[in-house]
Amino acid sequence: MINSEVYKQIIEELKLTNTTLVAVSKTKPAADIQALYNLGQLDFGENYVQELVDKETVLPKDVRWHFIGHLQSNKVKYIAPFVHLIHGVDSYRLLQEINKQAKKINRTIDCLIQIHIATEETKFGFDGAELETLFSSDLASLTNIRIKGMMGMASFSDDATKVRGEFIRLKSFFDKYKALSISNYQLTVISMGMSGDYRLAIEEGSTMVRIGSLLFGNR
Ligand SMILES: *Cc1c(COP(=O)(O)O)cnc(C)c1O
């Protein structure tokens with residue numbers, strides 16, 4: 001079951017700020033994805049490699065698959081042939097592996113660097129010092145990846161001030177590095193905001209929101 005009316009309303013809302021919607025379909029059946037696709041949605045986000053691979057084989061080939069979960073290096077090869085954007089890159093080693101797998105199949109894979117903005121220890125991502133190291137390392141030699149921007153997850157909290165502050169932090173890291181031009185690519189994407197906080201995220205500069213439960217119902 002999908003919430004068609006909510007979908008249409010969100011699409012209208014996002015148009016005002018030119019924000020991209022990634023419909024997060026993890027744990028939901030392929031039929032739900034097909035139903036949203038039939039309304040015009042092409043960007044879908046998944047968290048688990050096996051689930052993504054299974055869905056990719058049965059759904060239309062023009063779906064743009066976003067990998068938004070925690071990606072283990074040894075699983076990159078399964079999604080490399082078709083993935084549209086990998087959001088959660090949280091180590092240089094993972095970037096190297098994505099580059100290696102992309103090279104094998106003669107693709108260039110777009111990636112977002114995950115930034116640790118939440119106070120919760122469990123969320124993955126780079127902190128400020130690690131980012132500095134990353135951007136001063138030899139990224140240009142990774143010729144089969146393109147760093148398109150940054151992604152973050154705010155704390156799971158009702159405290160809007162706190163969540164807003166975390167989005168502001170992500171935006172400020174983005175601003176710090178966006179002028180970087182490594183082998184002609186530039187950072188343009190800020191992936192932040194989910195069902196509960198996407199409006200706040202857009203107010204603070206998000207260009208891409210990842211919305212699941214509002215569209216597909218609770219998991
Ligand atoms: C599940 C998930 C979402 C979507 O969450 P909702 O609250 O259902 O909108 C967004 N981003 C990531 C990284 C997720 O794991």
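This report describes the ligand site of a predicted model and then a number of individual residues in the chain around it.

## The ligand and its surroundings

The ligand sits in the largest pocket of the model, where 13 residues surround it. Among these residues, the closest to the ligand are Lys-26, Asn-47, Ser-195, Gly-212 and Ser-213. When the residues of this shell are sorted by chemical character, 6 are nonpolar, 4 are polar and 3 are charged.

Three side chains come up to oxygen atoms of the ligand with their own N or O atoms, and the table gives the distance for each of them.

| Side chain with the N or O atom | Distance to an oxygen atom of the ligand |
|---|---|
| Lys-26 | 2.8 Å |
| Asn-47 | 2.8 Å |
| Ser-195 | 2.5 Å |

For Ser-195, then, an N or O atom of the side chain is 2.5 Å from an oxygen atom of the ligand. The ligand taken alone exposes 390 Å², and the protein buries 91% of that area.

## Buried residues with side-chain contacts to the backbone

Lys-55 belongs to helix H3, which runs over residues 49-58. Its relative accessibility is 7%, and because buried means under 20%, Lys-55 counts as buried. A polar atom of the Lys-55 side chain lies 2.9 Å from the backbone oxygen of Ser-25.

Ser-206 is placed in a loop, the one between helix H8 (198-203) and strand E8 (208-211). With a relative accessible area of 6%, Ser-206 is likewise a buried residue. The side chain of Ser-206 has polar contacts with two backbone oxygens: the oxygen of Met-208 is reached at 3.1 Å, while the oxygen of Ile-190 lies 3.5 Å from a polar atom of this side chain.

## Other buried residues, in a helix and in loops

Phe-174 is found in helix H7, which covers residues 160-177, and its relative accessibility of 7% places Phe-174 among the buried residues. Although Phe-174 and Ile-115 are 59 residues apart in sequence, their C-alpha atoms are 9.6 Å apart in space.

Tyr-185 lies in the loop between H7 and strand E7 (189-191). The relative accessible area of Tyr-185 is 7%, so this residue is buried. Tyr-185 and Lys-104 are 81 residues apart in the sequence, and 21 Å separates their C-alpha atoms.

Asp-90 has its place in the loop between strand E4 (85-89) and helix H5 (92-104). Is Asp-90 buried or exposed? Its relative accessible area is 17%, and since the limit for a buried residue is under 20%, Asp-90 is buried. Along the chain, Asp-90 and Thr-27 are 63 residues apart, and in space their C-alpha atoms are separated by 23 Å.

## Two loop residues with a positive phi

Thr-27 lies in the loop between strand E1 (20-24) and helix H2 (30-38). The backbone angle phi of Thr-27 is positive, at about 70 degrees, although this residue is not a glycine. Thr-27 has a relative accessible area of 49%, and because a residue counts as exposed over 50%, Thr-27 is described as partly exposed. From Thr-27 to Gly-128 the C-alpha distance is 33 Å, for a pair that is 101 residues apart in sequence.

Asn-106 is placed in the loop between H5 and strand E5 (109-115). Here too phi takes a positive value in a residue other than glycine, and for Asn-106 the angle is near 60 degrees. At 71% relative accessibility, Asn-106 counts as exposed, because this value is over 50%.

Key. Residues are numbered from 1 along each chain as its sequence is written. This is a predicted model: local features need pLDDT of at least 70, side-chain atom pairs count only at pLDDT 80 or more; totals for chains, interfaces and linings use all residues. Side-chain values use heavy atoms; hydrogens and water are left out. A residue is near a molecule or strand if one of its heavy atoms lies within 4 Å of it. A polar contact is a pair of N or O atoms within 3.5 Å; within protein, one must be able to donate a hydrogen and the other to accept it, and residues adjacent in sequence count only if both atoms are side-chain atoms. Accessible areas come from the Shrake-Rupley method with a 1.4 Å probe; for residues, only the protein chains shown count as cover. On a 1 Å grid over the protein atoms alone, a cavity is a set of points where a 1.4 Å probe fits but cannot get out, and a pocket is an open set with protein on both sides within 12 Å along at least five of seven lines; lining residues have an atom within 4 Å of a point. A molecule sits in a cavity or pocket if more than half of its atoms lie within 2 Å of its grid points. Ala, Val, Leu, Ile, Met, Phe, Trp, Tyr, Cys and Pro count as nonpolar, Asp, Glu, Lys and Arg as charged, and the others, Gly among them, as polar. Helices (H or I, at least four residues) and strands (E, at least two) are DSSP runs, numbered from the N terminus. Buried means under 20% relative accessible area, exposed over 50%, partly exposed in between (1.4 Å probe, protein chains only).
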